[in-house]
Every structure is written in C-alpha cells, then in structure tokens.
Amino acid sequence: MIDLTVDVEQYDCPFVAATDDHPVAFSAVHWEYDTAADRTETRMVVEAADRESLDAGLSVLRGHEGTADYQLLSRQNDVAHIRTVIGQTDAMRIIREEDGFITGPSFIEDGSELWRIGFDDRETEEEVLSRLDRNHEFDVVKRNAPDLPELTDFVQNVGAAMTLIEGCRDLSDVERKTLESAIDGGYFQSPRSATLGSLADEFDVSKPAVSKNLRRGQRKMIERVVNALDELEG
C-alpha cells in the first residue's frame with residue numbers, strides 16, 4: 001500500500017471555491033461516497049476568521065453548482081458544523097477510475113485541499129498522478145509506503161489510539177483548559193513554575209475548584225491511558 005498526502009487545487013470543488021473567496025477552512029469529520037449517484041456526503045467543521053467571513057463562505061458553498069444539498073447542523077460564533085452532498089469532482093473521478101482510495105480526512109484552506117489518498121501499487125500511483133497533472137495543480141507533500149509488518153502494527157493499534165482520542169473528547173471545556181494551562185505553566189514539573197493559586201487566579205475560581213477540575217481531568221485521561229495500554233498488550 002502506498003499512502004500519499006497531496007495538496008491539490010480542485011477548481012470544480014465547492015469547498016475550494018469558498019476558501020478561495022473568503023478566510024474559511026473546512027475539516028472533514030465524515031465522508032461517504034455514493035457510487036450510484038456519483039456524489040459524496042460529508043460532515044465538515046468550518047472555521048472562519050470571524051462571523052461575517054463564516055456567513056460569506058457558507059453562502060458561496062450553498063450557491064455553488066457542485067453542491068447538491070446543504071444543511072447547517074450547528075453553529076457557535078465563527079465555527080459551524082455542516083452536512084453537504086456534493087457532486088464528484090474531476091480529481092476524485094480520476095482517483096476512483098484508477099482504483100485509488102481516500103485514506104484520511106481532508107483539510108481545505110486558501111483555495112487548496114490536503115488529501116490523503118492510497119494506492120495498492122506503484123503503477124496505479126503513477127497513472128493517477130499523471131492524469132491529475134493534465135488539469136490540476138498539485139504537490140505531493142508526503143509519501144509513505146509501509147511494509148506489511150508496519151501496516152499490521154498500525155491496524156492492531158487503531159483501537160488503542162481511538163481510546164485515547166475518546167478520552168480527550170470526554171474532557172469538559174473547563175477540564176481541558178485547566179489541564180492545558182497546568183501543563184503550559186509547568187504545574188507538573190519539578191520544581192513547579194505554576195501553582196494551584198496561580199491557576200485559580202487565571203480562571204478566577206477558588207483553589208479547591210481548580211484542584212477539582214485538575215483531578216477530574218487527570219482521572220479521565222489516566223483511565224483512558226490504562227485502557228489503551230491494556231489494548232496494546234492484548
């Protein structure tokens with residue numbers, strides 16, 4: 001298996017068009033391709049420089065000829081969660097016709113898109129890149145061809161990695177920010193360069209309150225780490 005990270009400019013992509021016109025960025029959290037309809041359903045997190053930029057970028061996305069369906073799922077200030085259905089772009093058509101496949105989430109900003117695409121062999125990779133080169137500007141940012149033991153190790157450890165990710169998601173905003181400030185401030189170093197008092201002042205709460213948030217955050221993360229270690233050993 002060959003895994004490429006490619007920075008590509010898709011001139012017919014609604015997301016690229018939105019980021020080309022306005023300071024917004026799209027991060028894919030879910031995508032599903034409908035072979036029969038040649039369409040892709042996505043769920044994206046959209047971040048913008050400000051509320052006005054978010055409005056403008058989403059307006060371009062909604063009105064683009066390649067957007068078949070659009071739904072705003074949630075929004076808070078300059079960040080939104082959206083669901084879209086878009087038609088197949090020329091670059092995606094080339095990849096699928098040559099039996100390439102998507103191996104990771106995409107990120108779109110400043111008129112270009114970071115893709116992670118995979119191929120079963122070198123010949124397929126060369127054919128796809130040759131066809132893309134005819135009509136698209138792109139750069140191969142990274143190329144990785146793991147051997148079978150590496151690939152097996154990755155698959156076996158996906159569960160442990162997801163356990164750690166879920167632990168991060170379990171944290172409340174207060175717990176996460178408290179842990180981040182404690183780490184950045186040197187609370188866990190010896191000697192400490194941050195104290196419960198300085199953290200309490202930063203968050204404008206009492207020492208017992210900041211201590212409770214730290215303990216809760218630490219407990220959640222430690223439990224997930226122990227579970228991940230069990231999965232690695234199992």
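Visitor: Quick one first: what counts as a helix or a strand here?
Guide: Helices are DSSP runs of H or I with at least four residues, strands are runs of E with at least two, and both are numbered from the N terminus. Keep in mind that this is a predicted model.

Visitor: Got it. How many cavities of 30 Å³ or more does the structure hold?
Guide: There's 1 of them. Its volume is about 250 Å³.

Visitor: What lines that cavity?
Guide: It has 20 lining residues, and those nearest its centre are Thr40, Thr42, Met92, Glu113 and Trp115.

Visitor: And which element gives the most to the lining?
Guide: That's β6, with 4 residues. The elements supplying at least two residues each are β2 (24-34), β3 (39-48), β5 (79-87), α3 (90-97), β6 (101-109) and β7 (112-119).

Visitor: Switching topic: how many salt bridges are there?
Guide: The count comes to 14. One pair is Arg83 with Asp69, whose closest N and O atoms are 2.8 Å apart. That pair links distant parts of the chain, with Arg83 in strand β5 and Asp69 in strand β4 (residues 67-76), 14 residues apart.

Visitor: What about the outside? Which residues form the negative surface patch?
Guide: Glu9, Asp20, Asp21, Glu47, Glu109, Asp110, Asp133, Glu137 and Asp139 make it up. The elements giving two or more residues to the patch are α1 (14-21) and β8 (137-144).

Visitor: Where does Glu137 sit, then?
Guide: You'll find Glu137 in strand β8.

Terms used
Residues numbered from 1 in each chain as written. Predicted model: local features only at pLDDT ≥ 70, side-chain atom pairs only at ≥ 80, totals over all residues. Heavy atoms only, no water. Patch = residues over 30% accessible without salt bridge, like charges linked within 9 Å, V, L, I, M, F, W, Y side chains within 5 Å. Areas by Shrake-Rupley, 256 points an atom, 1.4 Å probe, with all protein chains shown as cover. Salt bridge = Lys/Arg side-chain N within 4 Å of Asp/Glu carboxyl O. Lys, Arg positive; Asp, Glu negative; His and termini not counted. Charge placed at Lys NZ, Arg CZ, Asp CG, Glu CD. 1 Å grid on protein atoms, 1.4 Å probe; cavity = no way out; pocket = protein on both sides within 12 Å on 5 of 7 lines; lining within 4 Å. Points joined across faces, edges and corners; volume = space filled by probe spheres on them.
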